[in-house]
Amino acid sequence: MEIERVCNLLRKELYNNNYEYGFYCDGKKYKPNMSNGFDSEFYNLLLTTYKVQNPINTMREKIGTCNDIVLVMKKILDEYKIENKIWLLYKKVNNKVHTILTFNVSDKTIYLELTPQSNKSYYGKEIIYNNENELKKEFQNQGYDVIDITNDIVVGEHPKFSLKLIRGE
């Protein structure tokens, strides 16, 4: 499959369906209230209540965190047997974490940011790298640790891979 066609498959689900940032738990949607800036109550829920969602639930409810969105992307790519990886980006200086997915098409590594309500200038636009080492180097140059968590992200569990970093464990 060509790069544009694969990106359009992902955009069709995640970009065109107006997903919201937040999570779904016990029949209720939790979304941050950013009207007054940082929502500490929502952030606390992410650290204590949030569990990685099943991609089917994320697709049904149209709500998710970066963890949930990469699992939806993974589900779609796996259906087409497209090699992909999930990465945790951790910036120690401000204790920030973000989960992304890359996939390989036409001997290139592609990163497509589709986390809802992202304010990144490249939201919805594919970034093409020659290989994953090139991607890793770019993020490392920006001060991020880049960690492969493809096998560590588990549906129904707290995101231990990021919580341990945030909590300094």
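**Figure 1. Asp 26 sits in the loop between S2 and strand S3 (28-30).** The model shown here is predicted. Phi of Asp 26 is near 50°. That is a positive value in a residue other than glycine. Most residues other than glycine have a negative phi. Is Asp 26 buried or exposed? Its relative accessible area is 78%, over the 50% cut-off, so Asp 26 is exposed.

**Figure 2. Lys 62 lies in the loop between helix H3 (55-61) and strand S4 (63-64).** Phi of Lys 62 is near 60°. Here too the value is positive and the residue is not glycine. Lys 62 has a relative accessibility of 26%. This value falls between the cut-offs of 20% and 50%, so Lys 62 counts as partly exposed.

**Figure 3. Phe 23 belongs to strand S2, which covers residues 23-25.** Its relative accessibility is 0%, so Phe 23 counts as buried. Which residues does Phe 23 contact, leaving aside its neighbours within four places in sequence? Lys 28, Lys 29 and Tyr 30 are among them. So are Phe 42, Leu 45, Leu 46, Thr 49, Tyr 50 and Gln 53. Ile 63 and Thr 65 complete the list. Now look for Cys 7. Phe 23 and Cys 7 are 16 residues apart in sequence. In space, their C-alpha atoms are 24 Å apart.

**Figure 4. Tyr 24 is also found in strand S2.** At 23% relative accessibility, Tyr 24 counts as partly exposed. Leaving aside neighbours within four places in sequence, Tyr 24 is in contact with Lys 29, Gln 53, Arg 60, Glu 61 and Ile 63. How far is Tyr 24 from Pro 116, C-alpha to C-alpha? The two residues are 92 residues apart along the chain, and their C-alpha atoms are separated by 14 Å.

**Figure 5. Thr 65 lies in the loop between S4 and H4.** Its relative accessibility is 2%, under the 20% cut-off, so Thr 65 counts as buried. Not counting residues up to four places away in sequence, Thr 65 touches Tyr 21, Gly 22 and Phe 23. Leu 46 and Tyr 50 are also touched by Thr 65.

**Figure 6. Helix H1 (residues 3-14) crosses helix H4 (residues 66-79).** The two axes come within 10 Å. They cross at roughly 130°. H1 and H4 are therefore oblique to each other. Their crossing is right-handed. Which residues meet here? From H1 come Val 6, Leu 10, Glu 13 and Leu 14. From H4 come Ile 69, Val 72, Met 73, Ile 76 and Leu 77. Eight residues of this contact are nonpolar, none is polar and one is charged.

**Figure 7. The largest nonpolar core holds 33 residues.** Which of them touch the most other members? They are Leu 10, Met 73 and Phe 103. Several elements each supply at least two residues of this core: H1, S2, helix H2 (40-48), H4, strand S5 (84-91), strand S6 (96-105) and strand S7 (108-112). The largest share, seven residues, comes from H4.

**Figure 8. Leu 10 makes contact with Met 73 and Phe 103, among others.** Neighbours within four places in sequence are left aside here. The other contacts of Leu 10 are Tyr 15, Ile 76, Leu 77, Leu 112 and Leu 114. A second, separate core has eight residues. Leu 89, Ile 100, Tyr 111 and Leu 135 are among them.

**Figure 9. Asn 84 lies in strand S5.** Asn 84 is buried, with a relative accessible area of 10%. Which residues does Asn 84 contact, leaving aside its neighbours within four places in sequence? The contacts are Lys 74, Leu 77, Asp 78, Leu 101, Thr 102 and Phe 103. Asn 104 is 20 residues from Asn 84 along the chain. Their C-alpha atoms are separated by 6.3 Å.

**Figure 10. Ser 162 is part of helix H6 (residues 160-166).** Is Ser 162 buried or exposed? At 5% relative accessibility, Ser 162 counts as buried. Not counting residues up to four places away in sequence, Ser 162 touches Leu 88 and Val 97.

How values were computed
Residues numbered from 1 in each chain as written. Predicted model: local features only at pLDDT ≥ 70, side-chain atom pairs only at ≥ 80, totals over all residues. Heavy atoms only, no water. Helix = DSSP H or I, 4+ residues; strand = E, 2+ residues; numbered from the N terminus. Buried < 20%, exposed > 50% of the residue type's maximum accessible area, 1.4 Å probe, protein only. Contact = heavy atoms within 4.5 Å. Axes fitted to C-alpha atoms, helices over the stretch in contact; angles between N-to-C directions. Parallel < 35°, antiparallel > 145°, perpendicular 65-115°, else oblique. Left-handed = near helix turned anticlockwise from the far one by under 90°. Nonpolar A, V, L, I, M, F, W, Y, C, P; charged D, E, K, R; others polar. Core = buried A, V, L, I, M, F, W, Y, C linked by side-chain atoms within 4.5 Å.
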